[in-house]
Amino acid sequence: MQDFEIWMFLAVFQEMLGWAIWPIAVLCVLATLALGVVLLRDRRLVAPRLLRAELLGVLGGLAAVAAMFAITNSWPGDMGGPTDWLLAIGIFVAGGLGTAIAAYAVAGLFAGRPGATVR
């Protein structure tokens, strides 16, 4: 294999994640829209909420890689070439970012507006 093409990555991603790739994609779109709503409402990032979301993101990245191995019924030793390793790293990053975005959005949707006084 001489060239990397985006369609090759999508095919390997789908092979690694199996049926779960499309529900995960839908959840990512919904989390991104929810994040947009929270950012428009709050008009800023709330630091403590962002820190908690980032910490949960690391766990989400690990869970994404564990889910990949569970869905494909494989182990790290089964991964062959650099494409497999790059995509496993990509799955970790995507799982971490997705979890952090979703955690921040959910926390923002259920939290009061920052700076608002409760009466």
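## Helix α2 and its buried side

In helix α2, the buried residues (buried meaning under 20% relative accessible area, exposed over 50% and partly exposed in between, with a 1.4 Å probe and protein chains only) are I21, A31, A34, L35, V38 and D42. Because these residues cover an arc of only 145° around the axis, they lie on the same side of α2, the arc being that of the directions from the helix axis to the C-beta atoms. This is a predicted model, in which local features need pLDDT of at least 70, side-chain atom pairs count only at pLDDT 80 or more, and totals for chains, interfaces and linings use all residues. Residues are numbered from 1 along each chain as its sequence is written, and side-chain values use heavy atoms, with hydrogens and water left out.

The buried residues of α2 pack against α1 (6–17), α3 (47–72) and α4 (82–110), where contact means heavy atoms within 4.5 Å. On the face turned away from the buried side, α2 carries the exposed residues V29, L33 and L40. Helices here are DSSP runs (H or I, at least four residues), numbered from the N terminus.

## The loop after α2

R43 is placed in the loop between α2 and α3, and this residue has a positive phi of about 65° although it is not a glycine. Most residues other than glycine have a negative phi. R43 counts as exposed because its relative accessibility is 68%.

## How α3 passes α4

The axes of α3 and α4, which are lines fitted to C-alpha atoms over the stretch in contact, come within 6 Å and cross at roughly 140°.

How values were computed. Helices (H or I, at least four residues) and strands (E, at least two) are DSSP runs, numbered from the N terminus. Axes are lines fitted to C-alpha atoms, for helices over the stretch in contact, and angles run from 0 to 180 degrees between N-to-C directions.
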